[in-house]
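Reader: I am new to this structure. Please show it to me, and then explain what the terms used for it rest on.

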Amino acid sequence: MIRAGRQHLVRTLADLAAQQGVGIDHYTRLKPYEAPGFPEPISSQGSRIRLYDGEQVDAYLLGKPVPPLPEADDDGDLLDRRECAALIGVAPDSWKTYKRDPALTKARVEAGGVEHWPRHAVRAFQADRPGRDAPKPGRPKSTGDQVPRDQVHGLVAELLDADPTISAATVTERLGVHRNTGQDALTRLRADRIADHIAAHPTLTPTEAAAQLGYPAGQVRRATARAETVLRARHIAPYLADVAAALHRAGWTTEQAAPDVQFPGDDRVVAALVLDADQAPAPAVVWDERYGWRTAASRRHPITKGAVPPSEGEGVRYLAGGITPPPGDVVTALTP
């Protein structure tokens with residue numbers, strides 16, 4: 001977290017690289033931030049973007065004692081999504097729904113390219129958390145879901161928090177949604193939580209993690225399979241962020257943002273980067289863990305449906321270099 005009054009001191013890895021007069025690719029290859037004594041990140045564990053306290057880093061680089069950060073919680077502390085979720089006792093994915101609350105939207109601040117919320121705003125939200133008065137009757141026949149789609153994930157998370165053994169049928173009855181909607185939400189939530197549990201206990205298998213979380217064996221086959229995919233996605237996330245940064249430096253993206261991964265069929269990891277600059281060599285690029293990088297002909301729908309990868313031609317070109325070529329090689333392959 002970012003302690004109260006220290007937002008102006010936040011630095012990213014790109015900031016640290018610039019401070020040392022080197023490029024971000026070179027800096028992340030050397031990894032000086034992993035040296036003994038280097039200040040710990042102030043971003044939460046597992047965050048895609050590492051954040052550091054500038055005062056601590058400056059002291060370390062000057063060979064001075066690294067000053068400690070305040071230990072006591074303050075209402076002005078800034079929390080990222082994982083920390084917000086932990087504060088109110090839900091899974092991190094549930095925060096994706098809760099953060100749309102108007103009060104939280106207004107309170108949101110960005111530091112180092114990462115969304116944060118003041119501790120006082122999260123506590124105020126917790127005092128009147130949505131979802132407690134969700135519809136209880138079953139879903140009437142021939143009707144659509146009785147809960148807006150953007151609220152389903154958070155409401156199902158509430159039910160799963162209260163009862164790890166909950167079934168899709170119970171979700172349907174409690175929320176008035178289609179059984180498929182409830183099943184999909186349960187699968188995604190359980191997969192993410194299984195992956196979180198394995199991250200904290202690396203020796204566990206997905207099946208063992210599911211059992212420790214209290215999930216019935218007969219209900220989690222899809223969730224354990226998806227959890228393995230989620231773990232692979234988290235492993236590849238820093239690489240995808242590095243490629244996104246390289247494409248931004250090349251002038252082909254207007255914002256330096258790591259791509260959100262997708263899980264087609266729950267069994268593979270795919271990510272798309274939209275190249276929205278006028279001089280970009282393609283509308284978008286897509287990374288698939290099966291074959292690496294390719295260009296896409298559409299910015300709006302770069303990831304095609306179905307398990308069969310698209311054929312080359314009409315704006316689609318597969319880039320050589322293997323599954324994870326260095327970011328600089330991706331830029332070179334795209335250069336006209």
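Author: Rings of Phe, Tyr and Trp (its six-membered ring) pair if their centres lie within 6.5 Å; planes under 30 degrees apart count as stacked, over 60 as edge-to-face and the rest as tilted. This is a predicted model, in which local features need pLDDT of at least 70 and side-chain atom pairs count only at pLDDT 80 or more, while totals for chains, interfaces and linings use all residues. Residues are numbered from 1 along each chain as its sequence is written, and side-chain values use heavy atoms, with hydrogens and water left out.

Reader: Which residues form one aromatic cluster?

Author: Trp95, Tyr98, Trp117 and Phe125 form one. In the whole structure, a search finds seven aromatic pairs.

Reader: What makes phenylalanine 38 and tyrosine 52 an aromatic pair, and of which kind?

Author: The ring centres of phenylalanine 38 and tyrosine 52 are 5.6 Å apart, and the planes stand at 85°. The limit for a pair is 6.5 Å and edge-to-face begins over 60 degrees, so the pair is edge-to-face. Phenylalanine 38 is in the loop between helix 2 and strand 2, and tyrosine 52 is in strand 2, 14 residues apart, so by definition of the elements (DSSP runs numbered from the N terminus, H or I of at least four residues for helices and E of at least two for strands) the pair links distant parts of the chain.

Reader: Why is phenylalanine 38 called buried?

Author: Buried means under 20% relative accessible area, exposed over 50%, and partly exposed in between (1.4 Å probe, protein chains only). Phenylalanine 38 has 7%, so the word buried applies. Tyrosine 52, with 1%, is buried too.

Reader: How do you know that tryptophan 95 and tryptophan 117 are edge-to-face?

Author: The angle between the planes of tryptophan 95 and tryptophan 117 is 80°, and the centres are 5.3 Å apart. Both values meet the cut-offs, so the pair is edge-to-face. Tryptophan 95 belongs to helix 5 (residues 95–98) and tryptophan 117 to strand 5, 22 residues apart. Tryptophan 95 is buried at 1%, and tryptophan 117 is buried at 1%.

Reader: Why is strand 5 said to be largely enclosed?

Author: Four of the five residues of strand 5 (residues 114–118) are buried, so the rest of the structure largely encloses this strand.

Reader: What makes strand 4 and strand 5 a pair?

Author: Two strands pair if DSSP finds at least two bridges between them. Strand 4 (residues 109–111) and strand 5 are joined by three bridges and run antiparallel, so they count as paired. One bridge partner in strand 5 is valine 114, opposite alanine 111. The hairpin of strand 4 and strand 5 has two residues between the strands, and glycine 112 there takes a positive phi near 65°. Strand 3 (residues 78–79) also pairs with strand 5, in the antiparallel sense over two bridges; leucine 78 has proline 118 as its bridge partner.

Reader: Why are strand 6 and strand 9 said to stand at the edges?

Author: Four strands form an open sheet in the order 6-7-8-9, with antiparallel pairing. Strand 6 (261–262) and strand 9 each have a single partner strand, so one side of each is left without a neighbour in the sheet. Strand 6 pairs with strand 7 (residues 270–274) over two bridges in the antiparallel sense, and valine 261 stands opposite alanine 271.

Reader: How do you know that the buried residues of helix 9 line one face?

Author: The buried residues of helix 9 (residues 168–175) are Ala168, Val171, Thr172 and Leu175. Down the axis of helix 9, they fall within an arc of 100° (taken from the directions from the helix axis to the C-beta atoms), so they line one face.

Reader: Is lysine 31 called buried, exposed or partly exposed, and what about glutamate 314?

Author: Lysine 31 has a relative accessible area of 36%, between 20% and 50%, so partly exposed is the term. Glutamate 314 has 79%, over 50%, so exposed is the term.

Reader: What makes arginine 190 lie over the face of tyrosine 215?

Author: A charge sits over a ring if NZ of Lys or CZ of Arg is within 6 Å of the ring centre and within 35 degrees of the ring normal. Arginine 190 is at 5.0 Å from the ring centre of tyrosine 215 and lies over its face.
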